[in-house]
Amino acid sequence: MDTAPEPIVPGATNPLRWFGLDLACVVVFTIVGMVMHGSPAGEFVLTAWPFVLGLAIAWALPGVRSLPLILWPTGVIVWAVTTVVGLGLRAVTGGGVSGAFPFVTAGVLAVLILGWRGVLEIKERRHERQARYL
């Protein structure tokens, strides 16, 4: 007896597209932080690399690549690994993690990395609800 194949989440077959969106979130986080603190543009790579490496480590996990669009657990894993690795690397390389910086970092990255996934989930739920009435 043949069974129907499992449905594929739209867009999950191209994880690089979604990695790029997460990378854009890290870039936006870095640029906004640098502007708010008056950092020179030449320090962009120095400021961004710990979080970009954290993001790459998160995306190296097979579960993240196979289900990149879901908020839980994928989005939370990507956010947590990016934040923890980024802050950890800043701490050991002298980049500074004092005061409210870790909390602001965690909050802003949560809004960005979890936010776009949340929007997609809301749209999908709305679409499913509408489909029930057709």
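Is phenylalanine 51 buried or exposed? In this predicted model, phenylalanine 51 has a relative accessible area of 1%. Buried means under 20%, so phenylalanine 51 is buried.

Phenylalanine 51 also belongs to the largest nonpolar core, which has 15 residues. Within this core, Phe51, Trp59, Val78 and Leu109 touch the most other members. Two or more core residues come from each of helix 1 (15-37), helix 2 (44-59), helix 4 (71-92) and helix 5 (101-132). There is a general background to such a core: in soluble globular proteins, nonpolar side chains tend to be buried together.

Leucine 109 shows what the contacts of one core residue look like. Leaving aside residues up to four places away in sequence, leucine 109 touches Val26, Phe29, Phe51, Trp79, Thr82, Thr83 and Leu114. Phe51 is thus named both among the best-connected core members and among the contacts of leucine 109.

The next topic is the aromatic rings. Across the whole structure, a search finds three aromatic pairs. One of them joins phenylalanine 19 and tryptophan 59, whose ring centres are 5.8 Å apart and whose planes meet at 85 degrees. Planes over 60 degrees apart count as edge-to-face, so this pair is edge-to-face. Because phenylalanine 19 lies in helix 1 and tryptophan 59 in helix 2, the pair ties together parts that are 40 residues apart in sequence. The two partners differ in exposure: phenylalanine 19 is partly exposed, at 21% relative accessible area, whereas tryptophan 59 counts as buried, at 5%.

Phenylalanine 51 returns in another aromatic pair, this time with phenylalanine 29. The distance from centre to centre is 5.2 Å, the angle between the planes is 75 degrees, and the pair is edge-to-face. Phenylalanine 29 sits in helix 1 and phenylalanine 51 in helix 2, 22 residues apart, and the pair links these distant parts of the chain. Phenylalanine 29 has 10% relative accessibility and counts as buried, and phenylalanine 51 is buried as well.

The last topic is open space. The largest pocket has a volume of about 520 Å³. It is lined by 21 residues, of which Gly33, His37, Thr47, Arg90 and Phe101 are the closest to its centre. Helix 1, helix 2 and helix 5 each supply at least two residues of the lining. Helix 1 gives the most, with seven residues. By type, the lining residues divide into eleven nonpolar, eight polar and two charged.

Terms used: Residues are numbered from 1 along each chain as its sequence is written. This is a predicted model: local features need pLDDT of at least 70, side-chain atom pairs count only at pLDDT 80 or more; totals for chains, interfaces and linings use all residues. Side-chain values use heavy atoms; hydrogens and water are left out. A nonpolar core is a set of buried Ala, Val, Leu, Ile, Met, Phe, Trp, Tyr and Cys residues joined through side-chain atoms within 4.5 Å. Buried means under 20% relative accessible area, exposed over 50%, partly exposed in between (1.4 Å probe, protein chains only). Helices (H or I, at least four residues) and strands (E, at least two) are DSSP runs, numbered from the N terminus. Contact means heavy atoms within 4.5 Å. On a 1 Å grid over the protein atoms alone, a cavity is a set of points where a 1.4 Å probe fits but cannot get out, and a pocket is an open set with protein on both sides within 12 Å along at least five of seven lines; lining residues have an atom within 4 Å of a point. Grid points are joined across faces, edges and corners, and a volume is the space filled by probe spheres set on the points. Ala, Val, Leu, Ile, Met, Phe, Trp, Tyr, Cys and Pro count as nonpolar, Asp, Glu, Lys and Arg as charged, and the others, Gly among them, as polar. Rings of Phe, Tyr and Trp (its six-membered ring) pair if their centres lie within 6.5 Å; planes under 30 degrees apart count as stacked, over 60 as edge-to-face and the rest as tilted.
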